[in-house]
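Thanks for making time this morning. I would like to take you through one structure slowly, beginning with a ligand and its surroundings and then turning to the way some of the helices are arranged.

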Amino acid sequence: MKNVLSGMRPTGKLHLGNLYGAVSNWIKLIGEGYDCYFFVADLHALTTGFSKAEEIPEDTIEMVKDWLAFGLDPHRSTFFIQSEIPAHSELTLLLSMITPLGWLLRNPTYKEQIENLKDSDLRTFGFLGYPVLMSSDILLYDAAFVPVGADQLPHLEITRWIARRFNYIAGSKILKEPKPMLAPVSKILGTDGRKMSKSYNNAIYLSDSADETEKKIRKSFTDTQRKRRSDPGRPEICPIFTLHRIFTEETKTDEISIACKKADIGCVECKKILISNINETLATYRKKRAEIKKSDILDILQEGTRKAKLKANKTLNRVKTAIFGQDSPLKQD
Ligand code: TRP
Ligand code: SF4
C-alpha cells in the first residue's frame with residue numbers, strides 16, 4: 001500500500017479547526033489502508049520560533065495528546081518526532097546542494113511570511129530553507145501522497161522539483177515524486193467570524209471544559225448584520241452555523257438554516273442547540289484526553305520514531321550511494 005506522510009508543527013493544544021480539518025482527514029486515510037506516517041515537525045518550528053524552543057517539548061505532548069484523544073490510532077500508523085531522526089537534517093543538507101536559490105526566493109509562502117511576520121527575524125538560512133527540510137521529510141518516506149492545506153502547495157511543488165532534479169542528476173529514480181492531497185478545508189470559523197486560529201484568540205479547544213466551551217459560544221459573533229431578533233440571518237457566513245454543520249445532525253441543521261433566514265429562530269436559541277450538541281460530542285474526547293498519560297505518549301513517540309528511523313535511514317543510504325557511488329571508501333553499513 002502507498003505511503004502517506006504529514007506533519008504538524010508543535011503548536012500545543014489543538015482547536016476544532018485543526019481537528020476537524022487536518023486530523024479527521026488523517027484518520028480517514030488510515031481507514032483507507034494507506035501506510036501512514038504522522039510527525040511532529042519540531043525542526044520546522046525552530047525556523048520561526050528559535051527563541052521559544054524550550055516550549056516545544058510540552059507543546060509536543062499536548063498536541064499528540066489531542067491526536068490520540070481525537071482517535072488518531074498509533075497502532076495503525078507511525079507517529080514520530082522529526083528532530084529525533086538525524087536523516088531529516090542530513091538529507092536537507094544534501095538536497096540543499098542541488099536546490100537553486102531562485103526556487104526558494106520565489107516561493108510565495110516565503111515572500112508572504114517575510115512580509116507578515118516583521119517582528120521576528122526571519123532573514124535566516126533556515127527559514128529560507130524551510131521547503132528543503134519539508135522535501136526531506138517527504139522524500140525520506142517515499143510518500144506517494146501528502147495531505148496538506150492549500151498554503152503548503154508551493155512547498156509540495158518545490159519537493160517535486162527537487163526529487164525530479166535529483167533523479168535527473170543521479171540518472172535513476174532514487175526519490176519518489178509525491179503528490180499533494182488537498183485536505184478538505186476546515187470550514188470552521190472562530191468565535192469572531194475569522195478563520196479559527198490560535199493566534200486570533202478565537203478558537204475552541206478540545207481541552208476546553210464544557211463550561212468554557214459554552215461561554216465561548218455564548219460570546220461568539222453570529223451574523224453581525226442580524227441586529228434584532230426579527231432580522232433575517234445569513235447562516236452561510238455565521239461562525240455558529242459552521243459548527244452546527246459538524247456537531248448537529250443534518251436534518252436539524254437544514255431546519256436551522258431555513259429558520260434563520262426567515263428569522264424564525266433567534267441566535268440565543270440557535271446557540272443553545274449547538275452548545276448541547278457540541279458538548280455531547282466532545283464529552284467522549286475530553287474524557288479520553290484526561291485519561292491519557294504522558295508516559296503513554298512518550299512510549300508511542302519512541303516506538304514510532306524507532307520504526308520511522310529505519311525507513312528514513314534506508315532512503316538516506318540510497319541517496320548517499322547515488323551521490324558518492326557504490327564503492328565509496330566512507331561507506332559505513
Ligand atoms: N509545513 C507544514 C505546515 O506548516 C508542516 C510540515 C512539515 C509538513 N513537514 C511536512 C507537512 C511534510 C506535510 C509533509 O503545515
Ligand atoms: Fe447564526 Fe444561528 Fe443566529 Fe442564524 S440563528 S445567525 S445560524 S447563530
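Around ligand 2, in what I should say is a predicted model, we find Thr-222, Asp-223, Arg-226, Cys-238, Ile-240, Phe-241, Cys-260, Cys-267 and Cys-270. Two elements, helix 11 (239-247) and helix 13 (267-291), each give two or more residues to this shell. If we sort the shell around ligand 2 by class, there are 6 nonpolar residues, together with 1 polar and 2 charged residues. As for where the ligand sits, the space that ligand 2 takes is the largest cavity.

Let me now move to the helices. Two packed helices are described by the angle between their axes and by the distance between those axes.

Take helix 1, residues 16-31, and helix 3, residues 56-70, whose axes come within 10 Å and cross at roughly 60 degrees. Helix 1 and helix 3 are therefore oblique to each other, and the crossing in which helix 1 passes helix 3 is right-handed.

The other pair I would like you to look at is helix 4, residues 86-96, with helix 8, residues 130-139; here the axes come within 8 Å and cross at roughly 120 degrees. Because angles over 115 degrees and up to 145 count as oblique, helix 4 is oblique to helix 8. And which hand does the crossing of helix 4 and helix 8 have, left or right? Helix 4 passes helix 8 in a right-handed crossing.

How values were computed. Residues are numbered from 1 along each chain as its sequence is written. Chains are lettered from A and ligands numbered from 1 in the order in which they are written. This is a predicted model: local features need pLDDT of at least 70, side-chain atom pairs count only at pLDDT 80 or more; totals for chains, interfaces and linings use all residues. Side-chain values use heavy atoms; hydrogens and water are left out. A residue is near a molecule or strand if one of its heavy atoms lies within 4 Å of it. On a 1 Å grid over the protein atoms alone, a cavity is a set of points where a 1.4 Å probe fits but cannot get out, and a pocket is an open set with protein on both sides within 12 Å along at least five of seven lines; lining residues have an atom within 4 Å of a point. A molecule sits in a cavity or pocket if more than half of its atoms lie within 2 Å of its grid points. Helices (H or I, at least four residues) and strands (E, at least two) are DSSP runs, numbered from the N terminus. Ala, Val, Leu, Ile, Met, Phe, Trp, Tyr, Cys and Pro count as nonpolar, Asp, Glu, Lys and Arg as charged, and the others, Gly among them, as polar. Axes are lines fitted to C-alpha atoms, for helices over the stretch in contact, and angles run from 0 to 180 degrees between N-to-C directions. Angles under 35 degrees count as roughly parallel, over 145 as roughly antiparallel, 65 to 115 as roughly perpendicular and the rest as oblique. A crossing is left-handed if the near helix is turned anticlockwise from the far one by less than a right angle, and right-handed if clockwise.
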